[in-house]
Amino acid sequence: MEGMKQLAYNTAVKLILAALEHNLLPDFVTRRYGRFMAANILRSGYKSSSELQLSDLLHFAHCTLSLSLLPS
């Protein structure tokens with residue numbers, strides 16, 4: 001059963017990536033997914049001190065400036 005789930009997941013990922021590469025996804029879908037991924041990255045980046053968290057947040061913000069996925 002686990003193999004079937006993995007096969008379905010891999011197929012879905014391949015289809016979505018192919019649609020993205022051929023510019024078949026609407027802009028709002030791409031931006032929403034980008035925001036979703038950004039939120040997940042920020043949530044998973046919890047650090048033990050506020051200095052480490054701030055450092056990671058500033059690095060993340062610096063990296064996303066060129067992507068224009070997040071509102072400025």
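The paragraphs below lead through this predicted model, from the chain as a whole to its helices, a loop residue, the largest pocket and a salt bridge.

The chain contains 3 helices and 0 strands, so that its elements, read along the sequence, follow the pattern α-α-α. Of its 72 residues, 7% count as buried, and the accessible surface comes to about 6,500 Å², of which 66% belongs to carbon and sulfur atoms.

Helix H1 covers residues 2–21 and has 20 residues; from its first C-alpha to its last, H1 reaches 28 Å, which is close to the 28 Å expected at 1.5 Å a residue. Helix H1 is also hardly covered, with a count of 1 buried residue among its 20 residues.

After H1 comes Asn23, a residue of the loop between H1 and H2. The phi of Asn23 is near 55 degrees, a positive value in a residue other than glycine, and this deserves a second look in the light of a general tendency: most residues other than glycine have a negative phi. Asn23 counts as exposed because its relative accessibility is 67%, and the cut-off for that class is over 50%.

The largest pocket holds about 290 Å³ of space, and its lining is made up of Tyr9, Val13, Ile16, Leu17, Leu20, Leu25, Val29, Thr30 and Tyr33. Helix H1 and helix H2 (27–44) each supply at least two residues of this lining, and H1 gives the most, with 5 residues. Sorted by class, the lining has 8 nonpolar residues, 1 polar residue and no charged residues.

Where, then, does a salt bridge occur in the structure? A search of the whole structure finds 1 salt bridge, in which the side chains of Arg31 and Asp27 meet at 3.0 Å, N to O. Both residues lie in helix H2, 4 residues apart, or about one turn of the helix. The spacing can be read against helix geometry in general: an α-helix has 3.6 residues a turn, so residues three or four places apart point the same way. Arg31 counts as partly exposed because its relative accessibility is 29%, a value that falls between the cut-offs of 20% for buried and 50% for exposed.

Technical notes:
Residues are numbered from 1 along each chain as its sequence is written. This is a predicted model: local features need pLDDT of at least 70, side-chain atom pairs count only at pLDDT 80 or more; totals for chains, interfaces and linings use all residues. Side-chain values use heavy atoms; hydrogens and water are left out. The expected span of a helix is 1.5 Å times one less than its number of residues. Buried means under 20% relative accessible area, exposed over 50%, partly exposed in between (1.4 Å probe, protein chains only). On a 1 Å grid over the protein atoms alone, a cavity is a set of points where a 1.4 Å probe fits but cannot get out, and a pocket is an open set with protein on both sides within 12 Å along at least five of seven lines; lining residues have an atom within 4 Å of a point. Grid points are joined across faces, edges and corners, and a volume is the space filled by probe spheres set on the points. Ala, Val, Leu, Ile, Met, Phe, Trp, Tyr, Cys and Pro count as nonpolar, Asp, Glu, Lys and Arg as charged, and the others, Gly among them, as polar. Accessible areas come from the Shrake-Rupley method with a 1.4 Å probe; for residues, only the protein chains shown count as cover. A salt bridge is a side-chain nitrogen of Lys or Arg within 4 Å of a carboxyl oxygen of Asp or Glu.
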